[in-house]
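Q: Hi! I have a new structure open and I'd love to walk through it with you. Can we start with a term I'll need?

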Amino acid sequence: MLPPAAAAAIRATAGSPRAVRRVHARLLKEGLADLLPAPALLVSAYARSCLLPDARRAFDDAPRRDLYLYSALLAAVSRSSAPELALPLLRRMLSDDALRPDHFVLASLASAAARLRSLRLGRQLHAHFVASPYSADDVVKSSLIDMYCKCGVPEDARKVFDSIGVKNGVVWTALVSGYASNGCTGEAIDLFRSMPERGLFAWTALISGFVKAGNNTGAVGLFVEMRRDGVRIDDAFVLATVVGGAAELAALVLGRQLHGFAITLGFLSSMIVGNALVDMYSKCSDIHSAREVFGGIIVRDVVSWTTILVGEAQHGRVEEVLALYDRMLLAGMKPNEVTFVGLIYACSHAGLVQKGRQLFDSMKREYGIKPGLQHYTCYLDLLSRSGYLSEAEELITTMPYEPDEASWGALLSACKKHNDTQMCLRVADNLLELRPKDPSTYILLSNVYAVNCKWDSVAKVRKIMAEMEIRKEPGYSWIEAGRESRMFHAGEVPLDIGEEITRFLEELVSEMRKRGYVPDTSSVMHDLEENEKEQHLFLHSERLAVAFGILKSPPGSVIRVVKNLRVCGDCHTVMKFISEIAQRKIIVRDASRFHHFEDGNCSCSEFW
DNA sequence: TATTGGGAGA
């Protein structure tokens, strides 16, 4: 038996990699490392220090594999970034060591199934659990509740919930969060209100569920209510969550208020709040404040670095992105798969083919990260945008993933841009076969076929659109004016100030024409006369919003607009003209990136 | 000896 003092020493290492290694070395030297329960304790200690490879090694070095050892490693694996590794471990446990899973093992496996979103595995575990001697265990039940919610079937979670006699806080919050994140707002609120005690944990679960379901306005409202209720904010999770909601809403005024609030509560140096604020400022087009907050985070992790890096990338600041990456490596930080999405994306939007190629290679070679479909799509975009069309086509057919709508779409826009007619038609046919979901893809396809006079294909595209009842999602844009935000819909002139806006836009257009503006109506899908098409463009929502902004804000201030779709080519041109004529900096966040318009130019260098 | 719920990046 391991002396109690030695067991206590292992437990006391609490998340410090150096301490675990030191204690492990001492145990080896004193010949205690194999005494039970040292192996299981070491596995857990390594796992708590985020040293999964070391935990695995400790597992492999153990003289005997028992349930304790398995449950320690399974708990670590199911919490890790690769929960799928729990499955081979389970098979090994069942066949090589002939061990039956107990409630500890079942709880961890259910949590792995939740993270893998594997309803099949989850249901199998549930069946096994019900037939096992542990079928009354509430910890496994809370894990199953979470699994059903994460797999999108909160009604099944409810059945497990109802089977629990005395419910603790974990059980309640698991289901509240599950209802909310699946968009079952009413159920979430009802359950929340019927909780015997509503602590910070429950509020955080509810609010984060709202944010996950995209109900950001609701989340902010709940946060206000929580404050009114006088709930003490002991930890920073809820702030990070609600700041994330403000980021999605692009609500800069609200975001600034939350920032001030974080300072008041003393969470300014908190990493998770800092990370959320960096993302919020970046999504609210205020990249300067994002940089400032990033500079103030004392202990930065890979998420902090990746957040600011992706922010700079979306704002088109390639030099900053590459400089940040160097600083990140110098600081000893290991980039992950998200970091590489940001890096390759930045290179793609700046046409840095060699640099992007080098990064794509180093991801696998130096960091052992297997490129995902998203990486291939970014890389494909980089090659094809920069004119390496045949290499891109070769890549799309040889890459280890089935190309999706985004991959073919990227290739199609590129060969359209580079006027490779034959390839355009080949790619378009492939894309059409996928029966894309995104209406803008059909617009692109229809344009490509129309330009090449493939009228039968144009007809086919239109027929599919009609069949699938695909209509282009209506465009809308919003802009913050004072404390509230104002929304503009394409083609709809607001009653109160519409006249003022249209008059102003007309003035702008006539000045633009003097400077050489010719409307580009190729993005208008409808069968209309040319002047009617121009009228359509004239009322695109971002123009209404920008005109409103210029009219209603102090001269010289920055105009920030958010749009739900991508800006069309013509609006992009118009924004450049307006920034020059009105002498205003205009920042538009569209569905894919940011455009900073200033003195007739855009930060995206025509890459979007 | 171990197990469950809320958090930040695409």
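A: Sure! Buried means under 20% relative accessible area, exposed means over 50%, and partly exposed is in between. One thing to keep in mind is that this is a predicted model.

Q: Okay, let's try that out. Is W478 buried or exposed?

A: W478 has 16% relative accessibility, so this residue counts as buried.

Q: And what does Y476 count as?

A: Y476 comes out at 26% relative accessibility, so this one is partly exposed.

Q: How are the rings of Y476 and W478 arranged?

A: Their centres are 6.2 Å apart and their planes meet at 25°, so the pair is stacked.

Q: Nice. How many aromatic pairs does the structure hold?

A: There are 13 aromatic pairs. One of them is F340 with Y367: the ring centres lie 5.9 Å apart with the planes at 50°, so this pair is tilted.

Q: Where do F340 and Y367 lie?

A: F340 belongs to helix α21 (residues 337-350), while Y367 is in the loop between α22 (353-365) and α23 (373-385), so the pair ties together parts that are 27 residues apart in sequence. Both F340 and Y367 are buried.

Q: Which residues form an aromatic cluster?

A: F360, Y376, Y379 and Y401 form one.

Q: New topic: what about the largest nonpolar core?

A: That core has 165 residues, and I145, F223 and L412 are the members that touch the most others. Helix α7 (residues 103-116) supplies the largest share, with eight residues. Another core of 30 residues lies apart from it, and F488, Y517, V561 and F597 are among its members.

Q: What is I145 in contact with?

A: If we skip neighbours within four places in sequence, I145 is in contact with A157, V160, F161, I164, V171, A174 and L175. F161 has another partner too: the charged end of K167 sits over the F161 ring, 5.0 Å from its centre.

Q: Cool! And what does R198 lie over?

A: R198 lies over the face of F192, at 5.5 Å from the ring centre.

Q: Last one: why is α31 largely enclosed by the rest of the structure?

A: Because 10 of the 12 residues of α31 are buried. Among them are E542, R543, L544 and F548.

Q: And how far does that helix reach?

A: Helix α31 (residues 541-552) reaches 16 Å from its first C-alpha to its last, close to the 16 Å expected at 1.5 Å a residue.

Methods: Residues numbered from 1 in each chain as written. Chains lettered and ligands numbered in written order. Predicted model: local features only at pLDDT ≥ 70, side-chain atom pairs only at ≥ 80, totals over all residues. Heavy atoms only, no water. Core = buried A, V, L, I, M, F, W, Y, C linked by side-chain atoms within 4.5 Å. Buried < 20%, exposed > 50% of the residue type's maximum accessible area, 1.4 Å probe, protein only. Helix = DSSP H or I, 4+ residues; strand = E, 2+ residues; numbered from the N terminus. Contact = heavy atoms within 4.5 Å. Expected span 1.5 Å × (residues − 1). Phe/Tyr/Trp six-rings, centres within 6.5 Å; stacked < 30°, edge-to-face > 60°. Lys NZ or Arg CZ within 6 Å of the ring centre and 35° of its normal.
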